[in-house]
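Could you walk me through this structure in my viewer, one selection at a time? I would like to know what to click on next and what I will find there.

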Amino acid sequence: MNFKKIENLSAILMVVSFFMPWVSLGILSATGFKVASMGGAGTLLFVIPLLAIVVLANDMLNFLDVDKSKYLTYLTAAAPLMYIIFRLIQDAANFFELSSIGIYLTLIASILMILGASGKIKLPN
C-alpha cells in the first residue's frame, strides 16, 4: 500500500474515525459504528468504512483501472459528505451541538480524499 497517496491516508482516517465518537450527549457518546448499528437509515453509515476499505484494497490489488479507481475514490469521499449535508439540512443547530470528533475527522478525510483524487494536493516525495 502506498502511504504517499492522500487517498489512502484519507481512507485509513475514515475507517479509524468510524470507531471514534460521532455523537456526544454530555457524558454519553456513540461511535459511528454504534450509530450505524442502531438500525433505520443509520445502517447506511456502514457504507463509509466499507468503501474506504475497498479503496485501500484496490490500491494493493489493482483490480480497477485508473479511471474507475478515481470514480471509486470520489464515491467514497461523497458518501460521508452526503450524510453530513443531509444532517445539516435536517437540523443544523443540533448537528454542531451533538457532533463529536469522529464525524469531524470523517468530514476532513472526505475533503482531503476529493482534493487528493483530483490532483489538487499531493504529498511531497
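Start by selecting Asn-62, which sits in the loop between helix H3 (47–61) and helix H4 (66–98). What you have on screen is a predicted model. Look at the backbone here: Asn-62 has a positive phi of about 50°, although it is not a glycine. Is Asn-62 buried or exposed? Asn-62 is exposed, because its relative accessible area of 58% is over the 50% cut-off.

**Into helix H3**

Next, select Asp-59, which belongs to helix H3. Asp-59 counts as buried, at 17% relative accessibility. Now add Lys-5 to the selection and show both side chains. The two form a salt bridge, and their closest N and O atoms are 3.3 Å apart. Lys-5 is partly exposed, with a relative accessible area of 31%. What does this pair tie together? Lys-5 lies in the segment before H1 and Asp-59 in helix H3, so the salt bridge links parts that are 54 residues apart in sequence. If you go looking for further salt bridges, the count comes to one.

While you are in helix H3, click on Val-47 as well. Val-47 counts as partly exposed, at 36% relative accessibility. Draw a distance from Val-47 to Met-20: the C-alpha atoms are 16 Å apart in space, and the two residues are 27 apart in sequence.

**The start of helix H1**

Move to Ile-6, in helix H1 (residues 6–18). Ile-6 counts as buried, with 12% relative accessibility. Which residues does Ile-6 touch, once its neighbours within four places in sequence are set aside? Select Leu-112, Gly-116, Ile-121, Lys-122 and Leu-123, and you have its contacts. For a sense of how the chain comes back around, display the C-alpha distance from Ile-6 to Gly-119: it is 9.6 Å, for two residues 113 apart in sequence.

One of those contacts of Ile-6 is Lys-122, and it makes a good next stop. Lys-122 is placed in the segment after H5. Lys-122 counts as exposed, at 68% relative accessibility, whereas Ile-6 counts as buried. Now draw a line from Lys-122 to Met-38: their C-alpha atoms are separated by 37 Å, and the residues are 84 apart along the chain.

**The nonpolar core**

Time to go inside. The largest nonpolar core has 22 residues, and Ala-11, Met-14, Trp-22, Leu-45 and Ile-48 touch the most other members. Which elements supply at least two residues each to this core? Colour H1, helix H2 (32–37), H3, H4 and helix H5 (101–117) to see them.

From here, select Pro-80 in helix H4. Pro-80 counts as buried, at 1% relative accessibility. Leaving aside neighbours within four places in sequence, Pro-80 is in contact with Met-14, Ile-48, Thr-106 and Ser-110. Met-14 and Ile-48 are also among the core residues that touch the most other members. The C-alpha atoms of Pro-80 and Val-15 are 12 Å apart, with their positions 65 residues apart in sequence.

**The loop between H4 and H5**

Follow the chain to Ser-100, in the loop between H4 and H5. Is Ser-100 buried or exposed? Ser-100 counts as buried, at 15% relative accessibility. Beyond its neighbours within four places in sequence, Ser-100 is in contact with Pro-21, Trp-22, Val-23 and Ser-24. Keep Val-23 selected, as it leads to the last stop.

**The largest pocket**

Switch on a surface or pocket display. The largest pocket has a volume of about 360 Å³. Its lining is made of 19 residues, and Val-23, Val-35, Tyr-83, Arg-87 and Leu-98 lie nearest its centre. Two or more lining residues come from each of strand S1 (21–25), strand S2 (28–31) and H4. How many does H4 give? H4 contributes seven residues, the largest share of the lining. Finally, colour the lining by residue type: it divides into eleven nonpolar, six polar and two charged residues.

Note on methods: Residues are numbered from 1 along each chain as its sequence is written. This is a predicted model: local features need pLDDT of at least 70, side-chain atom pairs count only at pLDDT 80 or more; totals for chains, interfaces and linings use all residues. Side-chain values use heavy atoms; hydrogens and water are left out. Helices (H or I, at least four residues) and strands (E, at least two) are DSSP runs, numbered from the N terminus. Buried means under 20% relative accessible area, exposed over 50%, partly exposed in between (1.4 Å probe, protein chains only). Contact means heavy atoms within 4.5 Å. On a 1 Å grid over the protein atoms alone, a cavity is a set of points where a 1.4 Å probe fits but cannot get out, and a pocket is an open set with protein on both sides within 12 Å along at least five of seven lines; lining residues have an atom within 4 Å of a point. Grid points are joined across faces, edges and corners, and a volume is the space filled by probe spheres set on the points. Ala, Val, Leu, Ile, Met, Phe, Trp, Tyr, Cys and Pro count as nonpolar, Asp, Glu, Lys and Arg as charged, and the others, Gly among them, as polar. A nonpolar core is a set of buried Ala, Val, Leu, Ile, Met, Phe, Trp, Tyr and Cys residues joined through side-chain atoms within 4.5 Å. A salt bridge is a side-chain nitrogen of Lys or Arg within 4 Å of a carboxyl oxygen of Asp or Glu.
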